[in-house]
Amino acid sequence: MKIRTKIFVVICLTIGAVLSVLLWVKAYEKKRLISFAESEKKDKELIFDKILLLKEEALIALATDYTYWDGMVNFMTTQDLAWAHENIDTAISTFKVTAIWIYRTDARLWYFVSNGKNGVLRDQPLLKDAISKLSSKSPFCHFFLNTSLGMMNVWGATINPTSDLERKTPAQGYFFTARFWDSSFLGELNKLTKSAITILPYKEEPTPGYIDLNKAIIAFSRKLTGLDNKPLAYLNIVSVSDSIKNYIRQGGEEVIVVLAFVVFFSITNVFIFIIWVYWPLKSISSALEKGDSRFIAPLQDKKDEFGDISRLINKFFKQKEAIEENEETLRKEKDKVQRYLDIAAVILLVLDAEGKVSLINKKGCEILGYYNEEEIIGKNWFDNFTPKEIKPKVKNVFDRFMAGEIESFEYFEYQILNKKSEERIIAWHNVVLRDENYKIIGTLSSGEDITERQRIEDRLRESERKARAIFDQTFQFIGLMALDGTLIEANRTALEFSGVEASSVLNKPFWETPWWTHSPELQEKLRQAIKKVAQGEFVRFEATHIAKDGSLHFVDFSLKPVKDESGKMIFMIPEGRDITEYKFSEEKIKQAAEEWRTTFDSISDLVSIHDKDFKIKRVNKAFADVFKMKYQEIIGKTCYELVHRSKEPHLCCPYKQVMQTKKPSLAEFFEPSLGFYLEVSCSAIINEKGEVISTVHIAKDVTSRKEVEKRERLAQLGELVADMAHEVNNPLMIISGNAQLSLMENIQNEIVSNNLKIIFEECKRAKEIIQRLLKFSRPSKGELKEIDIHKSIEAVLNIMEHQFNLANIEVKRNYSGNLPTILIDEPQMQEVFMNLLNNTRDAMPGGGVVEVRTSLEREFIRIDFKDTGCGMSGEVMKRILEPFFTTKEKGTGLGLSVCYGIIKVHNGELRFESKLGKGTTATILLPLERGGEY
Amino acid sequence: MYKILVVDDEPRIAKILQDFLVKSGFEVTQSLGGEEAIKILNSEMKIDLMVLDMKMPKVTGTDVIKEMERIKRKIPTIILTGSVDAEKYLIDLVKFGYTEKDILYKPLDLFSLLDMVKKKLKITQ
């Protein structure tokens with residue numbers, strides 16, 4: 001059991017004991033309380049009886065005093081009523097009785113008097129019975145009488161002369177007096193006894209007395225006996241005892257005090273136990289468990305047993321630490337030795353007398369190809385690690401060692417076998433190992449792996465051979481020079497180039513060799529170069545040498561320093577590459593490039609070369625001029641952000657097609673940012689693998705051509721329309737005229753007259769159409785005025801406002817603040833606005849927003865009508881300017897044609913941008929200054 | 001009663017105009033071409049007003065006006081024309097003192113013709 005549990009048990013036992021004592025005290029208290037209550041009850045009864053007697057005393061006194069009196073005896077004979085009134089009647093109030101009866105000895109009622117209205121009490125037969133009970137032997141009687149008015153307490157007595165105090169003489173008459181035990185009497189009693197008193201009818205057994213300790217109630221009863229000595233009723237008395245109450249309360253308070261004390265005592269005990277015993281024990285156990293003396297540090301200075309224990313523990317810890325430290329030092333030493341062995345770059349090997357491995361270091365393991373020395377230790381060296389061919393020889397040497405024939409073998413080279421059965425060449429040093437008794441117990445060998453060294457030596461020889469071959473066979477001229485410029489080596493290519501023998505040039509200053517002697521300038525240049533190179537620089541220049549056939553060759557000559565490992569200059573290497581042929585071809589390329597560039601820049605079309613991601617790689621002069629930008633600003637930008645000012649490639653760009661077909665492709669479109677029509681041809685530049693690496697774009701400004709084409713087309717159309725209109729006029733006149741004449745007749749049939757009206761109306765419409773057609777084909781020349789375009793638009797909007805409101809269309813105005821006035825034919829221009837606004841309305845049957853925006857764009861006034869309507873497909877867009885092309889149910893297909901005609905006459909532009917489902921923007925560009933037809 | 005001369009090379013149009021003007025209470029003589037109109041103008045026939053089509057084969061409306069000018073006979077004239085040719089004729093007509101107000105475009109509203117006739121003849125109702 002843990003000490004904590006033990007303490008807990010002790011405390012529990014203590015509390016249990018205190019509680020059981022408390023319970024016993026409680027039980028004892030209860031007993032005491034009961035006996036106290038019983039004595040209290042007896043007191044109560046005694047007091048009650050005394051009080052009752054006191055209350056009755058008046059009645060008894062009356063019955064006693066008035067009956068031994070000569071006056072009364074005399075009255076029995078005289079029946080003197082005056083006396084009676086004077087003496088008897090006053091007794092009623094004096095003694096506070098209810099009634100008085102006086103009987104003669106013959107039991108005749110002699111006198112009766114009562115207080116208040118109690119006259120009915122006069123005849124009481126029972127009283128006559130009572131007379132018989134009164135005699136000289138028993139001159140008094142007392143009983144209760146149940147009358148019609150309530151319970152009465154009756155006292156009776158014989159009447160005797162005053163001298164006969166003991167009432168030995170025969171009775172002269174009988175005297176009865178009674179009092180009601182009514183509520184007022186009981187109330188008085190209640191007050192006096194501090195009880196609740198009630199009269200209850202008599203039962204077989206009246207309620208016995210009882211004590212209720214909980215409510216501190218004491219109850220008892222008294223019999224009221226009648227004349228026949230039988231119980232008539234009983235008096236029930238219930239009272240609350242203050243003494244008992246106090247007694248109980250005091251007992252309760254005591255218990256609470258004792259309980260509080262017990263709780264306080266227990267908590268204090270627990271607390272003290274924790275501080276004195278539990279906590280030090282816990283510290284000690286933690287310290288021992290964790291091996292950490294810090295847990296018991298606070299206990300160190302205590303002078304009790306715990307202090308002693310903690311000091312002992314501390315001592316123990318210190319000893320333990322010292323032991324551990326020693327162990328650590330030993331281990332480190334061992335590790336150090338192991339490390340020495342391990343970092344040794346040679347194999348350290350100990351063989352026992354049988355030739356088994358008893359120690360091998362890390363290097364040994366490594367060379368043998370094992371990870372772990374355990375894999376090697378214990379194995380026979382000669383059986384496992386020596387190649388078969390040399391095993392007998394090596395074993396023989398070892399046996400001689402063991403026999404003591406050889407003490408040490410300074411140097412011994414033999415192969416060993418590693419894990420992969422590869423042979424390694426090892427140079428061994430061996431010594432014999434002896435024990436204390438000088439007995440040979442094995443050998444210690446250190447072996448160096450010289451396999452690599454031998455291999456490197458072989459390779460060096462090989463590579464020197466190769467280098468020489470390369471040196472001699474290379475196409476380049478190579479040599480080796482001392483720092484002062486003396487030639488030490490020259491390769492065969494160099495010698496053969498000039499047709500000289502090695503002996504005639506070696507060990508001579510380089511500049512005096514036949515390669516240089518043809519030009520004193522070059523000789524000087526070389527001397528300067530050698531000086532520079534001697535200081536560590538690298539020099540390269542173009543030189544000329546004379547070949548053995550006498551021809552002049554261009555040579556890319558270089559001279560570079562060679563340093564040793566310490567950075568000290570030791571040699572110089574002259575090198576030369578014959579670049580004669582290359583020199584000529586370079587000239588040609590330069591020329592071709594120049595020709596090409598001139599051609600490229602002379603082209604007046606915009607030429608650009610793009611990579612696959614649309615980035616511009618190169619542009620011609622015309623291109624740069626159009627954009628007024630420098631080449632550097634253009635290169636690297638994508639063509640669509642530069643040319644089309646958009647974030648994605650142009651829809652009409654032929655690039656896609658080129659990428660797919662790899663064949664040149666042509667496209668024509670209007671470019672708003674430039675303000676003209678472009679004809680773009682695109683062709684691909686393809687690499688050897690057949691991939692497109694870049695594209696060439698040639699863009700031509702074909703605006704004028706386009707315009708001419710369009711005007712020609714429209715002019716032809718205009719003539720056609722005029723001819724047609726004329727031919728149509730007369731038939732129309734006949735139809736219309738006849739219809740009108742018919743309408744003037746008295747037509748009864750309403751349908752017929754309606755039809756005629758329709759004919760007439762439609763003829764009018766046809767006439768209007770023809771008139772508009774004419775306007776389109778030959779716009780009439782109106783008057784030109786300086787007009788504020790905003791006022792002009794407002795006038796139109798004013799007319800249309802009502803229609804827009806009906807169609808639930810909101811008009812947004814976004815006017816530029818600084819538009820100059822412009823010279824235009826206002827009524828015509830307003831017709832254009834009207835037409836365009838009508839179109840926006842028709843495009844938004846469900847309502848929407850139309851934005852009218854004006855702006856100054858370069859030398860143009862720009863007016864946009866932007867709606868949020870149904871938009872147009874590309875097919876529709878292409879045809880909207882054609883006369884008679886319409887998408888409206890009742891349209892003539894002339895509105896936009898007329899607009900176009902008017903705008904053209906003003907030398908302006910009419911453009912549309914539309915997205916199906918998103919809306920359309922109609923843009924008018926009007927030049928601020930214009931020549932043209934006006 | 002006023003007498004009106006209707007000149008139009010298209011008989012059906014001439015007839016329509018005649019029928020309408022007769023119904024409107026005028027006396028009407030029609031001429032199916034310029035030649036005939038010139039003849040009538042040169043005759044003694046009383047003409048109070050002329051309705052003249054411009055585009056006619058051989059002798060045009062302009063010719064008729066020129067003839068009228070030549071013989072100095074001043075008859076109030078209402079010019080009829082298809083809208084196509086209006087401008088072309090207007091240049092000539094202006095010279096003889098006609099304005100756009102004297103022109104009616106085909107196909108015409110007969111009642112506007114009646115209005116113009118009444119205005120020219122200074123008839124008030």
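Helices here are DSSP runs of H or I with at least four residues, strands are runs of E with at least two, and both are numbered from the N terminus. The model is predicted, so local features need pLDDT of at least 70 and side-chain atom pairs count only at pLDDT 80 or more, while totals for chains, interfaces and linings use all residues. Residues count from 1 along each chain as its sequence is written, chains are lettered from A in the order in which they are written, and side-chain values use heavy atoms, without hydrogens or water.

Start by selecting chain B. You'll find five helices and five strands, and along the sequence they run β-α-β-α-β-α-β-α-β-α. Of its 125 residues, 53% are buried (under 20% relative accessible area, 1.4 Å probe, protein chains only).

Now jump to chain A and pick residues 789-806, which is helix 22. Its 18 residues reach 26 Å from first C-alpha to last, close to the 26 Å expected at 1.5 Å a residue (1.5 Å times one less than the number of residues).

Zoom in on the start of the helix: a side-chain oxygen of A:Asp788 comes to within 2.9 Å of the backbone nitrogen of A:His790.

Next, colour the buried residues of helix 22, among them A:Ile789, A:Ile793, A:Val796, A:Met800 and A:Phe804. Residues three or four places apart in an α-helix point the same way, because there are 3.6 residues a turn.

Stay on A:Met800, where a kink of about 50 degrees is centred (the angle between axes fitted to the seven residues ending there and the seven starting there). Last stop: A:Asn808, which follows helix 22 and has a positive phi, near 60 degrees.

Notes
Buried means under 20% relative accessible area, exposed over 50%, partly exposed in between (1.4 Å probe, protein chains only). A polar contact is a pair of N or O atoms within 3.5 Å; within protein, one must be able to donate a hydrogen and the other to accept it, and residues adjacent in sequence count only if both atoms are side-chain atoms.
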